[in-house]
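Below are some notes on the fold, the nonpolar cores and the aromatic pairs, set out as numbered points for your review.

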Amino acid sequence: MRPRTGRHHETDLQAGTAQNSCKQLTIIDIEHGDKKAKAAEKDNAILVQYTGWLYDPAKPQGKGEKFDSSVGRIAPYGFFLGAGKVIKGWELGIVGMKPKGKRTLIIPPPLAYGERDGKIPANSTLIFDVELLDIVGTRDMKGSAVTTAAAAPVTATTAPTPAAAPPAPAVPIARLKPQDALPSAPTAITAIDEMVGDGPAADTGNDVLVHYTGWLYDASLPGGKGKQFDSSRTRNQLFRFKLGAGRVIKGWDQGVVGMQVKGKRTLIIPAEYGYGARGAGGVIPPNSTLIFDVELVELPPG
């Protein structure tokens, strides 16, 4: 496999030089990114978009069966470099990238999932296209977040869950009934209980399992639902997170509290409690108000 554009180099398991991409980490710089920006380094909190394939040198660009992608989801994937939360090939291969940079990584089994068998077969070499969207903060020596971007509902992937951010402070919640008119320009998180449910209520600190669908909010459309940008139902995959842990947008951390199991709630979330002026991964425009239908399916043991 030859690089499409840019710089091609290889690194061994200790990040030195080597020759064989089947045994070594291969890095192909497709786009170098913002030349004026600081490069990603250990302890940075970063946001990336990625797609992963099983490596097959007989296929175009070495890309065999695709097994995962963050592209098209509600938000990019975030994690701390050097925290051991992703495979070693990512830890080594993303260091040095700059925001808006794009890099292809060919990762041998010892730096990926090794002999572990599952969705990715044992001893598989993997290939990833990775785009570094932003460096959004750092962590202190204890591993806690110093500065982070708001995380978002994301589906389970082969990459582990990002490190937790500090709990979000409580914010006022506006309550509407299903028959009430929708606000034209909501300024507070708005909750509409479509079905109350009959199980235990979710509280801060609980793990929750939910189904959800999200749209861009447009009060002129039926139900306020504009363009749909994500849905766990489409994937038939429940989403799990801990309430109040800062792993989802503030509108979720606050708006799901109090829901009862089997309950269904609509949340209208202004940009301030969603993705703000930055938006998310090219899927959610800057300063977007969002609307979600959320069903609380279960409160699993923490």
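1. The protein exposes about 14,400 Å², and carbon and sulfur atoms supply 52% of this area (Shrake-Rupley method, 1.4 Å probe). This is a predicted model, in which local features need pLDDT of at least 70 and side-chain atom pairs count only at pLDDT 80 or more, while totals for chains, interfaces and linings use all residues. Residues are numbered from 1 along each chain as its sequence is written, and side-chain values use heavy atoms, with hydrogens and water left out.

2. Three helices and 14 strands make up the secondary structure (DSSP runs, H or I of at least four residues and E of at least two, numbered from the N terminus). Of the 302 residues, 47% are buried, that is, under 20% relative accessible area with a 1.4 Å probe, protein chains only.

3. The largest nonpolar core (buried Ala, Val, Leu, Ile, Met, Phe, Trp, Tyr and Cys residues joined through side-chain atoms within 4.5 Å) has 28 residues, of which Val 210, Phe 241, Trp 252, Phe 292 and Val 294 touch the most other members. Among the elements giving two or more residues to this core are strand 10 (207–217) and strand 14 (290–298). Another core, lying apart from it, has 26 residues, including Leu 54 and Phe 79.

4. Twelve aromatic pairs are found in the whole structure (ring centres of Phe, Tyr and Trp, the last by its six-membered ring, within 6.5 Å; planes under 30 degrees apart are stacked, over 60 edge-to-face, the rest tilted). The rings of Trp 90 and Phe 128 are edge-to-face, because their centres are 5.4 Å apart and their planes at 80°. Trp 90 lies in helix 1 and Phe 128 in strand 7, 38 residues apart.

Definitions and conventions. Buried means under 20% relative accessible area, exposed over 50%, partly exposed in between (1.4 Å probe, protein chains only).
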